[in-house]
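Work through the exercises below with the sequence and the structure side by side. Try each task before reading the solution under it.

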Amino acid sequence: MKFMPPSFGNLAMSGNNFVLSGGNGVPLGNYYVIGSTNLALPATNWTRIATNQFDATGSFTFTNVLNPNSLQWFYRLQLP
(Lines give C-alpha, C1' and ligand atoms only; values in the text may rest on other atoms or scores of the structure.)
Protein backbone atom coordinates (compact mmCIF):
# COMPACT_ATOMS: atom_id res chain seq x y z
CA MET A 1 0.00 0.00 0.00
CA LYS A 2 1.35 3.41 -0.97
CA PHE A 3 1.28 6.14 1.72
CA MET A 4 -0.26 9.41 0.61
CA PRO A 5 0.75 12.32 2.86
CA PRO A 6 -1.86 14.81 4.05
CA SER A 7 -2.45 17.56 1.54
CA PHE A 8 -4.52 20.63 0.83
CA GLY A 9 -7.51 19.96 -1.40
CA ASN A 10 -9.66 23.09 -1.41
CA LEU A 11 -8.81 26.75 -0.94
CA ALA A 12 -11.53 29.36 -0.55
CA MET A 13 -12.14 32.92 0.59
CA SER A 14 -14.95 33.72 3.01
CA GLY A 15 -14.97 37.43 3.76
CA ASN A 16 -11.50 38.21 5.18
CA ASN A 17 -10.89 34.54 5.97
CA PHE A 18 -8.81 32.10 3.97
CA VAL A 19 -10.21 28.57 4.35
CA LEU A 20 -7.97 25.56 3.64
CA SER A 21 -9.22 21.99 3.65
CA GLY A 22 -7.90 18.63 2.61
CA GLY A 23 -7.39 15.05 3.62
CA ASN A 24 -5.17 11.95 3.79
CA GLY A 25 -4.39 12.58 7.46
CA VAL A 26 -4.27 10.04 10.25
CA PRO A 27 -7.83 9.82 11.61
CA LEU A 28 -8.00 11.85 14.85
CA GLY A 29 -4.25 12.54 14.61
CA ASN A 30 -2.74 15.96 15.22
CA TYR A 31 -1.29 18.32 12.63
CA TYR A 32 0.18 21.80 12.57
CA VAL A 33 -0.39 24.57 10.06
CA ILE A 34 2.76 26.63 9.60
CA GLY A 35 3.07 29.79 7.56
CA SER A 36 5.58 32.26 6.20
CA THR A 37 5.76 35.26 3.92
CA ASN A 38 9.01 33.85 2.50
CA LEU A 39 8.68 30.52 0.69
CA ALA A 40 12.47 30.10 0.60
CA LEU A 41 12.86 29.95 4.40
CA PRO A 42 13.51 26.51 5.91
CA ALA A 43 10.37 25.03 7.51
CA THR A 44 12.03 25.38 10.93
CA ASN A 45 11.81 29.17 10.49
CA TRP A 46 8.11 29.22 9.60
CA THR A 47 5.54 30.30 12.21
CA ARG A 48 3.19 27.75 13.74
CA ILE A 49 -0.26 29.21 13.11
CA ALA A 50 -2.41 26.41 14.51
CA THR A 51 -2.42 23.00 16.11
CA ASN A 52 -5.46 21.00 15.07
CA GLN A 53 -6.77 17.46 14.80
CA PHE A 54 -7.82 15.54 11.68
CA ASP A 55 -11.42 14.31 11.84
CA ALA A 56 -12.39 10.63 12.00
CA THR A 57 -11.88 10.26 8.22
CA GLY A 58 -8.49 12.03 8.14
CA SER A 59 -9.90 15.27 6.70
CA PHE A 60 -9.28 18.79 7.99
CA THR A 61 -10.43 22.38 7.65
CA PHE A 62 -8.40 25.38 8.77
CA THR A 63 -9.51 29.03 8.67
CA ASN A 64 -7.07 31.94 8.88
CA VAL A 65 -7.89 35.66 8.99
CA LEU A 66 -5.88 37.41 6.28
CA ASN A 67 -3.69 40.35 7.16
CA PRO A 68 -4.37 43.11 4.59
CA ASN A 69 -0.81 44.44 5.11
CA SER A 70 0.78 41.16 3.99
CA LEU A 71 1.20 40.84 0.23
CA GLN A 72 1.67 37.06 0.30
CA TRP A 73 1.49 34.22 2.77
CA PHE A 74 2.44 30.57 2.27
CA TYR A 75 1.07 27.60 4.21
CA ARG A 76 2.32 24.08 4.95
CA LEU A 77 0.96 21.14 6.89
CA GLN A 78 3.35 19.65 9.38
CA LEU A 79 2.94 16.40 11.31
CA PRO A 80 4.21 16.02 14.88
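**Exercise 1. The first sheet**

Which strands form the open sheet with the order 4-3-6, and in what sense do they pair?

Solution. Keep in mind throughout that this is a predicted model. Begin with the order itself: three strands, 4, 3 and 6, make up this open sheet, and their pairing is antiparallel. Next, look for the strands that pair on one side only; these are the edge strands, namely strand 4 (47-53) and strand 6 (74-78). Then compare directions within the sheet, where the twist from one strand to the next averages 25°. Finally, take one pair in detail: strand 3 and strand 4 are joined in the antiparallel sense over six bridges, and following Tyr31 across to strand 4 leads to its bridge partner, Asn52.

**Exercise 2. The second sheet**

Describe the open sheet with the order 1-2-5, and trace how strand 2 is paired on both of its sides.

Solution. The sheet has three strands, and its pairing is antiparallel. Strand 1 (7-14) and strand 5 are the edge strands, each of them pairing on one side only. Neighbouring strands here are turned by 20° against each other on average, with direction ignored.

Now take the two pairings in turn. Strand 1 and strand 2 run antiparallel over seven bridges, and the partner of Ala12 in strand 2 is Val19. These two strands form a hairpin with two residues between them, and in its turn Gly15 has a positive phi of about 65°. On the other side, strand 2 and strand 5 are paired in the antiparallel sense over six bridges; Val19 stands opposite Thr63 in strand 5, while Asn17 stands opposite Val65.

The last step is to ask how covered strand 2 is, and the count gives five buried residues out of seven. Ser21, which belongs to strand 2, has a relative accessible area of 15%, and because this is under 20% the residue counts as buried. Beyond residues up to four places away in sequence, Ser21 touches Ser7, Phe8, Gly9, Asn10, Phe60 and Thr61.

**Exercise 3. The nonpolar core**

Which residues make up the largest nonpolar core, and which strands each supply at least two of them?

Solution. It helps to start from a general tendency: in soluble globular proteins, nonpolar side chains tend to be buried together. In this model the largest nonpolar core has nine residues, which are Phe18, Leu20, Tyr31, Val33, Ala50, Phe54, Phe60, Phe62 and Tyr75. Strand 2 (17-23), strand 3 (30-36) and strand 5 (60-65) each contribute at least two residues to this core.

To see the surroundings of one member, set aside the neighbours of Phe62 within four places in sequence; the contacts that remain are Phe18, Val19, Leu20, Tyr31, Val33, Ile49, Ala50, Asn52 and Tyr75.

**Exercise 4. Aromatic rings and charges**

Classify the ring pair of Phe54 and Phe60, and decide whether each residue is buried or exposed.

Solution. Two values are needed, since a pair of aromatic rings is described by the distance of the centres and the angle of the planes. Six aromatic pairs are found in the whole structure. For Phe54 and Phe60 the ring centres are 6.0 Å apart and the planes stand at 75°; because this angle is over 60 degrees, the pair is edge-to-face. For burial, Phe54 has a relative accessible area of 1% and is buried, and Phe60, at 5%, is buried too. Ring pairs also link these two residues with Phe8 and Tyr31 in a cluster.

Charged groups can be placed over rings as well. Arg48 lies over the face of Tyr32, 3.5 Å from the ring centre, and the charged end of Arg76 sits over the ring of Trp46, at 4.3 Å from its centre.

**Exercise 5. Positive phi in a loop**

Where do Asn24 and Leu28 lie, and what is phi near in each?

Solution. Most residues other than glycine have a negative phi. Asn24 lies in the loop between strand 2 and strand 3, and its phi is positive, near 75°. Leu28 is placed in the loop between strand 2 and strand 3, with a positive phi near 65°. As for exposure, Asn24 has 42% relative accessibility, and because this value falls between 20% and 50% the residue counts as partly exposed.

Key:
Residues are numbered from 1 along each chain as its sequence is written. This is a predicted model: local features need pLDDT of at least 70, side-chain atom pairs count only at pLDDT 80 or more; totals for chains, interfaces and linings use all residues. Side-chain values use heavy atoms; hydrogens and water are left out. A nonpolar core is a set of buried Ala, Val, Leu, Ile, Met, Phe, Trp, Tyr and Cys residues joined through side-chain atoms within 4.5 Å. Buried means under 20% relative accessible area, exposed over 50%, partly exposed in between (1.4 Å probe, protein chains only). Contact means heavy atoms within 4.5 Å. Two strands pair if DSSP finds at least two bridges between them. Axes are lines fitted to C-alpha atoms, for helices over the stretch in contact, and angles run from 0 to 180 degrees between N-to-C directions. Rings of Phe, Tyr and Trp (its six-membered ring) pair if their centres lie within 6.5 Å; planes under 30 degrees apart count as stacked, over 60 as edge-to-face and the rest as tilted. A charge sits over a ring if NZ of Lys or CZ of Arg is within 6 Å of the ring centre and within 35 degrees of the ring normal.
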